[in-house]
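Dear colleague,

I am handing over the structure below for you to look at alongside your own work. My notes on what was found in it follow directly after.

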Amino acid sequence: MSGIEKKDLLMKLGLEDVNSGVFYGKWSPIGGKETITSYSPIDGKPIGKVTMATREDYENVMNAAQNSFERWSSVPAPKRGQVVRKIGDELRKYKEMLGKLVSIEVGKTVVEGCGEVQEMIDISDFAVGLSRQLYGLTIASEREAHRLYEQWLPLGPIGVITAFNFPCAVWAWNSMIAATVGDVVIWKPSSKAVLTARAVIEIVNKIVMDLGYPPIFFLLVGRGDEVGEWISSDRRLPLISFTGSVPTGRRISENVAKRLGRTILELGGNNAAIVTDKADMNIALKGVTFGALATTGQRCTTTRRLILQENVYDIFVNRLKGIYAKAKIGNPLEEGVLIGPLIDKRAYEGYEIAIEQATKQGGRVVYGGERVSIPGLEEGYYVKPTLIEADLGMDILNVETFAPILYVLKYRTIEEAIEIHNSVPQGLSSAIFTKDLREMEYFLSHKGSDCGIANVNTSTAGAEIGGAFGGEKETGGGRESGSDAWKSYMRRQTDTINYGNKLPLAQGVEFKV
Ligand code: UN1
């Protein structure tokens, strides 16, 4: 993409040289504030600047959010759904532009960038339907002339902290559901994806406010150790949804727990695919390649470990090497490119360190392991996707490295495969490739995968929005997106109504006064 085209796109999305990074119904003035520069990982060049929130900005956002919540939570849910429907329509119009911006700002391919915006559209559609399905149970009461039921009520302003790798989809998973159930959302995006966040906030609030509603999506750009701390420690935010690393998630969770608030945590994944000797090899190869290489190995759902049955081990590794050799590395804005750059220098260092440690621990690099120089894009951190034959017990197997490194392990029996599979501290996504019913069902049974997501004959990556998304163990236990994840964004109230003319007590207790 030429410089002019890039400039054009940024202008169309209202992204000038320096923008405000704080929205509380209007953009906070930018004068004299510290800024965060957004660099494109494609060529390492700056693409724009956004101001960081001051403490005063923060209070402005909190006050505006509380006022908006008062009004928004009183709007009937199906009407809120209609607003979300219009947001989905607007996002459809912006799909290409936003997708391209995502590509420029975080380096994923344009196809994947547009896929991410599609994910925002999908969750909007889901939320519209949900707006007419916020139901509670009615339960038989043990007391005569009593009705017992539960209802779900809006929770309050909530905080959403997102990572760079899905700079708008994960926000939408949270925000479209939260808005539908009557909450308002304060967003702290990753410092590496501030332009995308700004563009999204502008697009969605315009719809809301043009329809005569108060702003419901707020933005607070800033450093994690500052804004992240403010948000997580603030009692005015009953729920914090955090996507990111395990160490940061632990800190956020401790802050929220100290004030007995709620969290939805989507932390590290260390996902494995098991390929058995009964797999359809072509499907397995495609599924593993997509899982390991999409978003240059920087998805929470990336396949990081490949567990191969010994009879198919050699052939599978050889064929995978062939596919890796053909996968085009380069400018993600160009058609045909599958592997874009890593997000930054630190990510590249992480890639180098992991390979060094794996080698020290006995791993054998059988493909990749090095940086690639792309003509004209020398400042970008492009790397070869990497295959490392590993042995059980290597410490590095427990570590999530956000890079396209795939550790390959060998097994004999399906029980052994599951043991290897479940031996890591994280528990987000998992996959088995097999045509065998017994293997499949074993993998999906309580003795099988210990992850929040378990797939058969498809990749660990690329979940649809309709299911609940999240994982177990160090992944944090949160669930976002579809299914009944909406319940986390509401407060449940159990109600007992006595419509009789006596006061019978539960458990048959007699209280003689
Ligand atoms: C993430 O990496 O945080 O399942 C989210 C997937 C995408 C979402 C990933 N739909 O790979």
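**The sheet and the ligand site**

In this model, which is a predicted one, an open sheet is built from 6 strands in the order 2-9-8-7-10-11, and their pairing is mixed. Its edges are formed by strand 2 (22-23) and strand 11 (262-266), each of which pairs on one side only. Strand 2 pairs with strand 9 (residues 217-220) in the antiparallel sense, over 2 bridges, and within strand 9 it is Leu220 that serves as the bridge partner of Val22.

Turning to the ligand, the residues that surround it are Glu119, Asn165, Phe166, Trp173, Arg299, Cys300, Thr301, Ala461, Gly462, Ala463 and Phe469, a shell that divides into 6 nonpolar, 3 polar and 2 charged residues. Because domain 1 (3-267 + 476-492) and domain 2 (271-465) both contribute residues to this shell, the ligand lies between them.

As for individual contacts, a nitrogen atom of the ligand is 3.0 Å from an N or O atom in the side chain of Glu119, while an oxygen atom of the ligand lies 2.7 Å from a polar side-chain atom of Thr301. With Ala463 the contact involves the backbone, where a polar atom is 2.7 Å from an oxygen atom of the ligand. Taken alone, the ligand exposes 320 Å², and the protein buries 98% of that area.

With best regards

Note on methods:
Residues are numbered from 1 along each chain as its sequence is written. This is a predicted model: local features need pLDDT of at least 70, side-chain atom pairs count only at pLDDT 80 or more; totals for chains, interfaces and linings use all residues. Side-chain values use heavy atoms; hydrogens and water are left out. A residue is near a molecule or strand if one of its heavy atoms lies within 4 Å of it. A polar contact is a pair of N or O atoms within 3.5 Å; within protein, one must be able to donate a hydrogen and the other to accept it, and residues adjacent in sequence count only if both atoms are side-chain atoms. Accessible areas come from the Shrake-Rupley method with a 1.4 Å probe; for residues, only the protein chains shown count as cover. Ala, Val, Leu, Ile, Met, Phe, Trp, Tyr, Cys and Pro count as nonpolar, Asp, Glu, Lys and Arg as charged, and the others, Gly among them, as polar. Domain bounds come from an automatic or database domain assignment. Two strands pair if DSSP finds at least two bridges between them. Helices (H or I, at least four residues) and strands (E, at least two) are DSSP runs, numbered from the N terminus.
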